[in-house]
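Biologist: I should like to learn how to read the features of a protein model. May we go through them one at a time?

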Amino acid sequence: MSQSSPTQDNAATEHTATPDTDVIVLGAGFSGIYLIKRLLDKGLTVRAFDAASDVGGTWFWNRYPGARCDSDSSVYLYSPKFDPDLAADWRWSERYPSQPEILSYIQRAADDHGLREHITFNAPVTSAEFDNDQNLWTVTTADGQSATARFLVPAIGPLNKPNLPDIPGLDEYAGEWYHTARMPENLDLTGRRVAVIGNGATAVQIVPVAARSAEQVYQFQRSASHCLPGRNHELDEDDYAELDAHREEIWAKTRTNLGGFPYADPAGEAAELTPERQREVLEEAWAKGGLPMAFASFSDLLTSRESNQVALDFISEKIHAIVRDQRVADLLTPTTPFVSKRPPIEHGYYDAFNQDNVELVDLRATPIERITADGLVTADGTTYDVDLILFATGFDAFTGGFADLNIRGANGQLLHEKWAEHLSTYLGLSVNGYPNLFMVYCGPQGPAILTNGLTLIQQQGDWIVDCLAWLHDQHIERAEVTEAAEAEFTELHESVAAQTLIPSTQSWWTGTNIPGKATGLLSFCGGFPAYAGLCEAAADGYPAYELTTGTA
Ligand code: NAP
């Protein structure tokens with residue numbers, strides 16, 4: 001990659017129009033709110049649009065029973081850089097914050113800084129077009145509002161487009177049904193017969209909660225998940241004394257851990273450890289609960305089948321110890337490599353199968369054939385009469401959300417159509433042909449799937465804020481990543497992916513959950529520290545970008 005210096009392109013910029021605002025941010029979830037606040041701090045003007053009626057992003061939309069964060073609350077908040085007061089006095093009540101509490105947090109972050117006045121709510125964006133002569137973006141919403149900006153920052157999250165499978169008969173169903181990302185809050189499940197389709201991180205949170213009050217829960221499973229115990233608990237003053245004493249250390253650890261979590265380094269490659277030490281490492285992680293099993297056990301978990309098998313055997317043993325019916329335990333035992341898809345965090349999921357009112361339906365043996373007025377029918381003719389169907393069937397990740405935005409670049413091509421041909425980006429931040437566009441926490445090939453959300457949101461957010469402030473100060477009207485830089489990063493991403501066990505597993509991580517979607521690992525998996533290092537180097541003069549200075 002060669003260093004590019006700004007060029008004075010008078011022909012292109014002599015008569016450039018003044019945009020309505022410096023930056024348009026799409027989305028008002030954790031990443032959008034972070035960007036809006038930090039860009040305003042830098043003196044840029046910002047306008048944001050969100051389809052929702054309030055801030056919150058994924059936490060606005062996902063209100064299913066049991067919804068809570070899978071990251072430890074100690075790193076599921078903004079660092080002091082966003083707002084030292086908020087960082088100092090916010091108190092999560094549990095180890096993994098619940099959805100309502102997270103929503104209150106984002107609302108407070110927005111309210112404390114008057115951010116709502118910069119956001120237009122109930123405004124789904126239906127197009128964003130780059131004007132090649134004026135070097136600005138025009139954004140249009142479903143109700144016909146439009147605005148222009150020099151820079152466009154999609155902050156739509158990787159999981160904003162629900163995937164509703166095409167199961168015949170749904171229109172005949174007489175009961176109530178929802179996709180889990182579009183269901184009302186506080187839906188009463190008492191005494192109801194509930195079908196939960198899917199068993200990813202969402203369903204794994206719903207099933208034990210539903211099992212407490214529903215008359216019957218049918219859990220429809222196609223492929224088993226690798227669920228890890230959450231060991232959630234309330235946080236008391238002692239917990240906070242400990243946390244407060246180590247805040248800086250905790251944030252520092254997120255910069256060096258593979259997944260951006262505040263965990264110690266892995267114990268080493270599994271083969272370097274004795275079987276006794278391997279066992280000790282896994283037992284410790286299991287006892288701690290949460291994601292240390294994935295990000296702080298064996299350093300070669302994702303690259304060595306043998307190492308991965310040690311973890312898989314351990315998980316299988318644990319499932320068989322919890323679930324009394326060994327036939328059900330067998331079905332719940334995953335065969336795909338551990339962490340080749342997202343390990344859900346469970347709060348009583350496996351235990352729920354010991355209850356009489358919870359039944360596992362094995363869709364490998366008996367796929368769903370159709371939905372009827374009364375419920376579901378599987379291929380062996382068994383009928384499951386239910387009054388509520390919850391589709392916990394996931395999302396058309398990353399690229400799905402972009403298809404709704406209709407982002408048209410400098411050459412007139414729609415971004416999602418470019419990606420349908422071949423997925424390529426520069427660091428998951430920029431795309432050749434789409435000048436002045438920077439994606440935060442939603443760009444394919446960024447490391448979102450394997451990184452704590454708030455670690456990555458703030459790292460990418462800071463990178464973009466610094467970049468836009470610099471471009472603005474330098475009067476640079478157009479910044480476009482070169483084709484060569486994009487190709488080089490994409491090649492790196494693909495070669496790193498090929499060295500891991502991830503691409504062989506079907507899930508949203510590889511795009512294989514959506515019929516017809518181009519497949520390939522959607523997220524960089526070389527580890528957060530390596531990714532952050534690449535970004536840091538990229539910001540040193542922005543050599544990967546062609547920069548054009550305006551006349552202002
Ligand atoms: P998901 O992980 O994609 O799981 C979807 C489930 O639906 C899978 O079990 C899948 O089975 C099943 N499925 C899809 N289509 C189906 C069909 N036609 N018939 C039967 N089953 C079908 O989706 P998710 O559980 O919503 O989770 C998505 C991501 O959201 C997670 O990986 C995580 O990153 C995030 N999330 C985060 C939290 C948190 O931090 N609090 C909570 C929930 C979710 P197959 O596996 O066989 O395809």
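Modeller: We may, and let us begin with burial: a residue counts as buried when its relative accessible area is under 20%, and as exposed when that area is over 50%. Please keep in mind throughout that this is a predicted model.

Biologist: Is Cys535 buried or exposed?

Modeller: Cys535 has a relative accessible area of 1%, and it is therefore buried, since the limit is 20%. Cys442 is also buried, at 0% relative accessibility.

Biologist: As these are cysteines, how many disulfides are there?

Modeller: A disulfide is a covalent bond between the sulfur atoms of two cysteines. The test applied here is that the two sulfur atoms lie within 2.5 Å. By this rule, the count is zero.

Biologist: Why does Cys442 form no such bond?

Modeller: The cysteine sulfur closest to that of Cys442 belongs to Cys535, and because the separation is 14 Å, it is too far for a bond. For Cys535, the closest cysteine sulfur is in Cys467, at 11 Å, which is again too far for a bond.

Biologist: Which residue could serve as an example of an exposed position?

Modeller: Ala88 is exposed, because its relative accessible area is 52% and the limit is 50%. Ala88 belongs to helix H4, which spans residues 84-89. Its position also shows how sequence and space are read separately: Ala88 and Arg247 are 159 residues apart in sequence, while their C-alpha atoms are 9.6 Å apart.

Biologist: Is Lys517, a residue with a charged side chain, buried or exposed?

Modeller: Lys517 counts as buried, because its relative accessibility is 14%. Lys517 is located in the loop that connects helix H17 (483-498) and helix H18 (528-538). Its side chain reaches the backbone oxygen of Ala397 at 2.6 Å.

Biologist: How should one read strands and their pairing?

Modeller: Two strands are said to pair when at least two bridges are found between them. In this model, an open sheet of seven strands has the order E4-E3-E2-E7-E6-E5-E18, and its pairing is mixed. Strand E4 (119-120) and strand E18 (407-408) are the edge strands, each pairing on one side only.

Biologist: In what sense do E3 and E4 pair?

Modeller: Strand E3 (residues 46-49) pairs with E4 in the parallel sense, over two bridges. Ala48 has Ile119 in E4 as its bridge partner.

Biologist: How many of the residues of strand E13 are buried?

Modeller: Strand E13, made of residues 358-362, is mostly covered, with four of its five residues buried. E13 runs parallel to strand E10 (residues 216-221), and five bridges join the two. Among the facing residues, Val217 has Val358 in E13 as its bridge partner.

Biologist: Which strand pairs with E19, and in what sense?

Modeller: E19 pairs with strand E20 (residues 545-549) in the antiparallel sense, over five bridges. Ala479 stands opposite Leu547 in E20. In strand E19 (residues 476-481), six of six residues are buried.

Biologist: Backbone angles are another feature that I should like to read. What is the sign of phi in Asn135?

Modeller: Phi of Asn135 is positive, near 55°, in a residue other than glycine. Asn135 sits in the loop between strand E5 (125-131) and strand E6 (136-141), and it is buried at 1% relative accessibility. Tyr441 likewise has a positive phi of about 55°, although it is not a glycine. Tyr441 is in the loop between helix H15 (415-421) and helix H16 (453-473) and is buried, with a relative accessible area of 17%.

Biologist: Finally, how many residues surround the ligand?

Modeller: There are 24 residues around the ligand, and the closest are Arg68, Thr202, Arg222, Ser223 and Trp508. This shell divides into 11 nonpolar, eight polar and five charged residues. Helix H6 (residues 201-213) gives the most to the shell, with three residues.

Biologist: Which side chain has a polar atom 2.4 Å from an oxygen atom of the ligand?

Modeller: That side chain belongs to Ser223. Thr202 has a polar side-chain atom 2.7 Å from an oxygen atom of the ligand, and a polar backbone atom of Ala201 is 3.1 Å from a ligand oxygen. Taken alone, the ligand exposes 910 Å², of which the protein buries 85%.

Methods. Residues numbered from 1 in each chain as written. Predicted model: local features only at pLDDT ≥ 70, side-chain atom pairs only at ≥ 80, totals over all residues. Heavy atoms only, no water. Near = heavy atom within 4 Å. Polar contact = N/O pair within 3.5 Å; in protein donor to acceptor, adjacent residues only side chain to side chain. Areas by Shrake-Rupley, 256 points an atom, 1.4 Å probe, with all protein chains shown as cover. Nonpolar A, V, L, I, M, F, W, Y, C, P; charged D, E, K, R; others polar. Buried < 20%, exposed > 50% of the residue type's maximum accessible area, 1.4 Å probe, protein only.
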